[in-house]
Amino acid sequence: MTSFHIPRLASFILSPPPELCFDDVTFNHEDKVLLGPCSFTLKGTGPTLVMGPNGAGKSLLLRLSHKLLLPTQGQITWSGELCPRQAMVFQQPVLLRRSAVANLIHALAVNNVPRRKRVKLAHDALERFGLTARCYTPARVLSGGEQQRLALARAWLLSPQILFLDEPTSALDPAAIKAVEAAVREFHQQGTRIVMTTHDLHQAKRLAGDILFLSGGKVREHTPAEVFFDKPVSREAKAFIAGELVE
Amino acid sequence: MGLPPVVAGLMVYLLLSRAGPLGEWGLLFTPGAMILAQVVLVLPILAALSRQKVEELLGEYREQFVSLGMSSSRMMPTLLWDARFALLTVLLAGFGRASAEVGAVMMVGGNIEGVTRVMTTSIVLETGKGNLPLALGLGIVLLTLVMLINAGAYLVGELTRRRVG
């Protein structure tokens, strides 16, 4: 990942987000195939929602894309740049044992933002995500929704071209879900490619541009959202949308 | 993790004795020798406990760190700072271990009154002489000190859990 901070400029907003290409990717663990082989390209504007039952390989797909894991076989490539700026928000936000603002300043320091700019940028991000009042609260005593917003604020500071979200709302109440979804839309409007996993059909309907449907470690469908919800092709997707219990 | 204290004492004794490799330093039967023996005894405990604490934290933080593009050398200061309270309790555990030490410090210190006689070695000596009231009194003082340190370690842990989560 590049490690310098680029302010959000008009040119950055207008440039289309990089495309993500999986070429025959598989991931094995101890001779067991957990994902793949799968090939697809994420293009268009998205947001891409990765759906499927538990254990389908959704999180794995995100971790492979974000280079937290390396594929056993196959290639994962980006269009244009070798490795665009990216960030990830986890299901359980990982926050440092310090104040909310210190968490943001740390992320900026790691990305070599000059010291004098850090505090202002961090406070701006807190304000944008409605956390100004919690500025000096230890991050780990914030509520679940606030923690997730802080994680989003941290991702925001990295100006990612791609943002991965791994079930960011699965442990939150409706108000917090609304705030997180608003933040995701804001990222999307800024031209960030969104790749998000969820198993909530309603959330997918609210957010999705296209759907990547996984089950049993294989990509069963990759279609625009309206097609997916109206006329799913694969048997698994039909069952999933109908509310049956898919394995 | 735990070195038998008398074996550590014997090793330091052999190292520091006149005929030993470090005999020229003239440290045997001085407080310096006792400090050296304590370091040999406590350092492995501190290292093992610290490693365990930092490793636990890394397990929790690793994915986020990699996601932020941090190198291993950049992770280290962050981990040490975030483990600061856990490391403080480790330090207190080490101090508790050292303050209870008898065998090694007796061997390399020589239990010389006014120079290398500490509370634990005094208790051994006074008990041997049959001066039980003094031995008991010293025992109570030592016990109180160790209990205070343990209480401190516990409080630090509790406070952190509440404040920093």
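Me: How many salt bridges are found across the interface of chain B and chain A?
Reply: Four turn up there. Keep in mind that this is a predicted model. One of the side-chain pairings is Arg97(A) with Glu60(B), at 3.1 Å from N to O.

Me: And which elements of chain B supply at least two residues of the side that touches chain A?
Reply: H2, helix H3 (72–82) and H7 of chain B each do that. H2(B) has the largest share, with eight residues. By class, that side of chain B splits into eight nonpolar, five polar and seven charged residues.

Me: OK, how many residues does each chain bring to the contact?
Reply: Chain B brings 20 and chain A brings 24. Between them the two chains bury about 1900 Å², with 53% of that on carbon and sulfur atoms.

Me: Which three residues of chain B supply the most of the area it buries against chain A?
Reply: That would be Glu63(B), Gln64(B) and Leu68(B), with 30% of what chain B buries there.

Me: How many residue pairs are in polar contact across the interface?
Reply: The rule finds 10 such pairs, counting those where both residues are at pLDDT 80 or more.

Me: Zooming out, how many salt bridges are there over all chains?
Reply: The whole structure has 15. Among them is one between Glu236(A) and Arg220(A), at 3.7 Å from N to O.

Me: Where do those two sit in chain A?
Reply: Glu236(A) is in helix H9 (residues 235–241) and Arg220(A) is in strand S9 (residues 218–224). They are 16 residues apart, and the pair links distant parts of the chain.

Me: New topic: pockets. How much space lies in the largest one?
Reply: About 430 Å³. It has 17 lining residues, and the closest to its centre are Arg97(A), Phe85(B), Ala86(B), Thr160(B) and Arg161(B).

Me: Arg97(A) again! What was its salt-bridge partner?
Reply: Glu60(B), over in the other chain.

Me: Which elements give two or more residues to that pocket's lining?
Reply: Helix H2 (31–67), helix H4 (84–99) and helix H7 (132–163), which belong to chain B. H7(B) has the largest share, with six residues. By class, the lining has seven nonpolar, four polar and six charged residues.

Me: What about the second largest pocket, how much space lies in that?
Reply: About 340 Å³. Its lining has 18 residues, and nearest the centre are Gln38(B), Phe95(B), Ala98(B), Ser99(B) and Glu101(B).

Me: Which element has the largest share of that lining?
Reply: H2(B), with seven residues. H4, helix H6 (119–129) and H7 of chain B also supply at least two each.

Me: How does that lining divide by class?
Reply: It comes out as 14 nonpolar, three polar and one charged.

Me: How many cavities of 30 Å³ or more does the structure hold?
Reply: Two. The second largest has a volume of about 50 Å³.

Me: Which residues line that second largest cavity?
Reply: From chain A there are Ala87(A), Met88(A), Val89(A), Ala151(A), Arg154(A), Ala155(A) and Leu158(A), and from chain B there are Gln64(B), Ser67(B) and Leu68(B). Gln64(B) and Leu68(B) also came up in the area buried against chain A.

Me: And which elements supply at least two of that cavity's lining residues?
Reply: Strand S5 (86–89) and helix H5 (144–157) of chain A, plus H2 of chain B. The lining divides into seven nonpolar, two polar and one charged.

Definitions and conventions
Residues numbered from 1 in each chain as written. Chains lettered and ligands numbered in written order. Predicted model: local features only at pLDDT ≥ 70, side-chain atom pairs only at ≥ 80, totals over all residues. Heavy atoms only, no water. 1 Å grid on protein atoms, 1.4 Å probe; cavity = no way out; pocket = protein on both sides within 12 Å on 5 of 7 lines; lining within 4 Å. Points joined across faces, edges and corners; volume = space filled by probe spheres on them. Helix = DSSP H or I, 4+ residues; strand = E, 2+ residues; numbered from the N terminus. Nonpolar A, V, L, I, M, F, W, Y, C, P; charged D, E, K, R; others polar. Contact = heavy atoms within 4.5 Å. Buried area = accessible area lost by both parts, 1.4 Å probe. Polar contact = N/O pair within 3.5 Å; in protein donor to acceptor, adjacent residues only side chain to side chain.
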